[in-house]
Amino acid sequence: MMLALGIALLGPANLSAQTAPKPDDAQPCAPISSDFRFCGAPPEFTLTPQDDNAAVTAFYTTPEGLQVAIIVEELGISDGLNVTGLQEAALTILSQASGTPPPNIPILERRNLVVDGVPRPNFVYRDTVGGQTFVYSNTIVLLDDSVAQFITIDPGQMVMTGTHRDLHMRFLANSQVNR
């Protein structure tokens with residue numbers, strides 16, 4: 001079930017971390033799992049049921065027309081997971097959905113972004129599934145016994161737009177790690 005969306009994880013960390021402003025402390029945060037919480041609320045982030053994809057822990061739509069997904073698995077470093085292996089698995093799964101060989105899936109950028117005060121690697125890539133192109137920005141938090149992907153998806157784009165970048169930063173600013 002790991003990475004069932006076929007959303008690639010992170011490559012090697014590089015560059016300096018970028019930080020988004022923290023959400024208002026008065027904003028209530030919803031538990032996503034025992035290790036992760038999300039503080040976003042409508043209209044900026046509207047929780048949307050995903051009955052057709054049980055691997056998605058939480059899925060949100062946004063006024064900008066972008067999609068936001070959180071995928072949490074109760075597997076982590078203690079189970080042998082590492083970022084390189086997760087990235088390879090994600091590209092393979094995305095390849096199965098798109099028909100694009102994993103080495104041919106365009107990687108648009110890699111950088112560190114901050115999740116709850118800690119720099120985490122982010123991986124941006126693009127592929128076409130079902131005739132539509134998507135740009136994915138995927139930040140992973142790999143813990144000892146769990147892993148979360150914080151993903152924003154921009155349908156119909158070929159590049160990482162400023163709107164997508166801004167939304168991803170707001171998404172991460174509203175995400176918390178409970179340890």
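This is a short talk on a predicted model of one protein chain, going from the overall fold to a few single residues.

I'll start with the whole chain. The secondary structure comes to 2 helices and 10 strands. Read from the N terminus, the order is β-β-β-β-β-α-β-β-β-β-α-β. Of the 179 residues in the chain, 49% are buried. The accessible surface is about 8000 Å², and carbon and sulfur atoms account for 53% of that. On contacts: if you take those with a separation of 6 or more, 60% are between residues 24 or more positions apart.

Now to one strand, β9, which covers residues 147-155. How many of its residues are buried? The count is 8 of 9, so by the under 20% cut-off for relative accessible area the strand is mostly covered. β9 has pairing partners to look at, and I'll take them in turn. Strand β8, residues 132-142, runs antiparallel to β9, and 9 bridges join the two. These two strands form a hairpin, with 4 residues between them. If you want a place to find the pairing on screen, go to F134, whose bridge partner in β9 is P155. The other pairing I have is with β5, residues 67-73, again in the antiparallel sense, over 7 bridges. Here the pair to pick out is V72 with A148, the latter being the bridge partner in β9.

Next, the backbone. Most residues other than glycine have a negative phi, and most peptide bonds are trans. Two places in this model are worth a look on that account. One is the bond between P42 and P43, which is cis, with omega about 0°. P43 sits in the loop between β2, residues 36-38, and β3, residues 46-47. The other is D116, which is not a glycine but has a positive phi, near 50°. Where does D116 lie? It is in the loop between β6, residues 107-115, and β7, residues 118-129. Its relative accessible area is 30%, so D116 counts as partly exposed.

On to internal space. The model has 1 cavity of 30 Å³ or more. The space in the largest cavity is about 40 Å³. It is lined by 10 residues, and the closest to the centre are R111, L113, M160, R165 and M169. Which elements give two or more residues to that lining? They are β6 and α2, the latter being residues 162-173. Sorted by class, the lining has 3 nonpolar, 4 polar and 3 charged residues.

Last, one residue from a strand, L47, in β3. Is L47 buried or exposed? Its relative accessibility is 55%, and the cut-off for exposed is over 50%, so L47 counts as exposed. Leaving out residues up to four places away in sequence, L47 touches A58, F59 and Y60. For a distance to check, take L47 and A69: they are 22 residues apart in sequence, and their C-alpha atoms are 9.6 Å apart in space.

To go back over the main points: β9 is mostly covered, and β9 pairs in the antiparallel sense with β5 and runs antiparallel to β8. The P42 to P43 bond is cis, and D116 has a positive phi. The lining of the largest cavity draws two or more residues from each of β6 and α2. L47, in β3, is exposed. That is what I have.

Methods: Residues are numbered from 1 along each chain as its sequence is written. This is a predicted model: local features need pLDDT of at least 70, side-chain atom pairs count only at pLDDT 80 or more; totals for chains, interfaces and linings use all residues. Side-chain values use heavy atoms; hydrogens and water are left out. Buried means under 20% relative accessible area, exposed over 50%, partly exposed in between (1.4 Å probe, protein chains only). Two strands pair if DSSP finds at least two bridges between them. Contact means heavy atoms within 4.5 Å. Accessible areas come from the Shrake-Rupley method with a 1.4 Å probe; for residues, only the protein chains shown count as cover. On a 1 Å grid over the protein atoms alone, a cavity is a set of points where a 1.4 Å probe fits but cannot get out, and a pocket is an open set with protein on both sides within 12 Å along at least five of seven lines; lining residues have an atom within 4 Å of a point. Grid points are joined across faces, edges and corners, and a volume is the space filled by probe spheres set on the points. Ala, Val, Leu, Ile, Met, Phe, Trp, Tyr, Cys and Pro count as nonpolar, Asp, Glu, Lys and Arg as charged, and the others, Gly among them, as polar.
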